[in-house]
Amino acid sequence: MHDWNVVVSVNEHGFKQAFRVLGPLGRLSKTAFYNILVMQVDDTRRLLDGLRRVHEEDPPSLSFLSRIVPVSRTFMFQSPEEFERSAQEAVLSWAPAIAGKSFHVRMHRRGFKGRLSSLDEEHLLDAALLAAAERLGAPSRITFDDPDLIIAVETVDQRAGLSLWTRDELRQYPFVRLD
C-alpha cells in the first residue's frame, strides 16, 4: 500500500491480532519489512482515541502492538537528497511550534539501507529546526529527557511520514512509543 498514514510495528506473532483489532479501523497492509504493517485511516485522532479506550478497558488486548505512529505529512522520495529536501521542508513548517521549546527528531527507517542513516538524518533535521528557532528569536534546545515535543519520521521503502507530538499527547497515547 503506497497511501499510508499510520505505521504499525507488531510484536512477534502479533499479525493475526493486529488484523483483528486494527483491520476494522482502516485499510491495513503487510509490508516487506519484518513485523511492520501500514494503515490508511480517515482520521488518525479517532484511531488513537479508539485505541486509548481499548487500552484503558483491557490493556492486554493491545499486547500485539510494539508501537503505532500516525503521521500528518507524507511524501515519496527516490534519493537521499530528495528525502532530505522534503523532510526539511516538512519539519521547518513546525518551526514556530518548536521555537523556545525542547525537542528532538526520532527517525525509524525501513528501506534505503546504506543510503540513509537514521542518526544522520535526525541530526540534520535537529540542526535545521534549531537554526529556524534561532531566526524566530526563540532558541530551542535538543533534549531526550522529557522534551516538550518530538518529531517522528517514519520511512517504509520510498515513502516517508512525519508527525509532531507534544509531551501531553504522548502521555495520552502511551502505545505510540516514539523513542
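Asn 35 sits in the loop between strand 2 (27–30) and strand 3 (36–40). The model that shows this is a predicted one. Phi of Asn 35 is near 60°, a positive value in a residue that is not glycine. Most residues other than glycine have a negative phi. Is Asn 35 buried or exposed? Asn 35 is buried, with a relative accessible area of 10%.

A second residue shows a positive phi. Asp 157 is not a glycine, yet its phi is about 55°. Asp 157 belongs to the loop between strand 8 and strand 9 (159–166). Asp 157 is partly exposed, and its relative accessible area is 41%.

**The whole chain**

Now step back to the fold. How many helices and strands does the chain have? There are six helices and nine strands. The radius of gyration is 16 Å, close to the 16 Å that the globule rule gives for 179 residues, so the chain is as compact as a globular protein of that length. Along the principal axes, the C-alpha atoms fill a box of roughly 50 × 35 × 25 Å.

Buried residues make up 48% of the 179 residues. Consider next the contacts in the chain with a separation of 6 or more: residues 24 or more positions apart account for 72% of them. The accessible surface comes to about 8,900 Å². Carbon and sulfur atoms hold 49% of that surface.

**Charges and salt bridges**

The chain carries 23 positive and 25 negative charges. The mean positions of these two sets are 4 Å apart. Side chains of opposite charge can pair when their charged atoms come close. The structure holds 11 salt bridges, including those in this table.

| Pair | Closest N to O distance |
|---|---|
| Arg 52 and Asp 49 | 3.3 Å |
| Arg 110 and Glu 154 | 2.9 Å |
| Asp 146 and Arg 171 | 3.3 Å |

Take the pair Arg 52 and Asp 49. Both residues lie in helix 2 (residues 44–57). They are three residues apart, about one turn of the helix. Arg 52 counts as buried because its relative accessibility is 18%, under the 20% limit.

Next comes the salt bridge between the side chains of Arg 110 and Glu 154. Which parts of the chain does this pair tie together? Arg 110 lies in strand 6 (residues 102–110) and Glu 154 in strand 8 (residues 149–156), so the pair ties together parts that are 44 residues apart in sequence. Both Arg 110 and Glu 154 are buried.

Then there is the salt bridge between Asp 146 and Arg 171. Asp 146 lies in the loop between strand 7 (141–142) and strand 8, and Arg 171 in helix 6 (residues 167–172), so this pair ties together parts that are 25 residues apart in sequence. Asp 146 is partly exposed, with a relative accessible area of 41%. Arg 171 is exposed, with a relative accessible area of 55%. Which residues join Asp 146 and Arg 171 in one network? They are Asp 148 and Arg 167, linked through salt bridges that share partners.

**Two buried residues and their contacts**

Pro 70 is part of strand 4 (residues 65–70). Pro 70 is buried, with a relative accessible area of 3%. What does Pro 70 contact, leaving aside its neighbours within four places in sequence? Its partners are Asn 5, Val 6, Thr 44, Leu 48, Ser 163 and Trp 165. Pro 70 and Gln 40 are 30 residues apart along the chain, and their C-alpha atoms are separated by 9.3 Å.

Val 176 is found in the segment after helix 6. Its relative accessibility is 0%, so Val 176 counts as buried. Again leave aside the neighbours within four places in sequence. Val 176 is then in contact with Leu 48, Arg 67, Ile 68, Val 69, Trp 165 and Leu 170. Leu 48 and Trp 165 are also among the contacts of Pro 70. How far apart are the C-alpha atoms of Val 176 and Met 107? They are separated by 14 Å, with the two residues 69 apart along the chain.

Definitions and conventions: Residues are numbered from 1 along each chain as its sequence is written. This is a predicted model: local features need pLDDT of at least 70, side-chain atom pairs count only at pLDDT 80 or more; totals for chains, interfaces and linings use all residues. Side-chain values use heavy atoms; hydrogens and water are left out. Helices (H or I, at least four residues) and strands (E, at least two) are DSSP runs, numbered from the N terminus. The radius of gyration is taken over C-alpha atoms; the globule rule is 2.2 Å times the number of residues to the power 0.38. Buried means under 20% relative accessible area, exposed over 50%, partly exposed in between (1.4 Å probe, protein chains only). Contact means heavy atoms within 4.5 Å. Accessible areas come from the Shrake-Rupley method with a 1.4 Å probe; for residues, only the protein chains shown count as cover. Lys and Arg count as positive and Asp and Glu as negative; His and the chain ends are not counted. The place of a charge is taken as NZ of Lys, CZ of Arg, CG of Asp or CD of Glu. A salt bridge is a side-chain nitrogen of Lys or Arg within 4 Å of a carboxyl oxygen of Asp or Glu.
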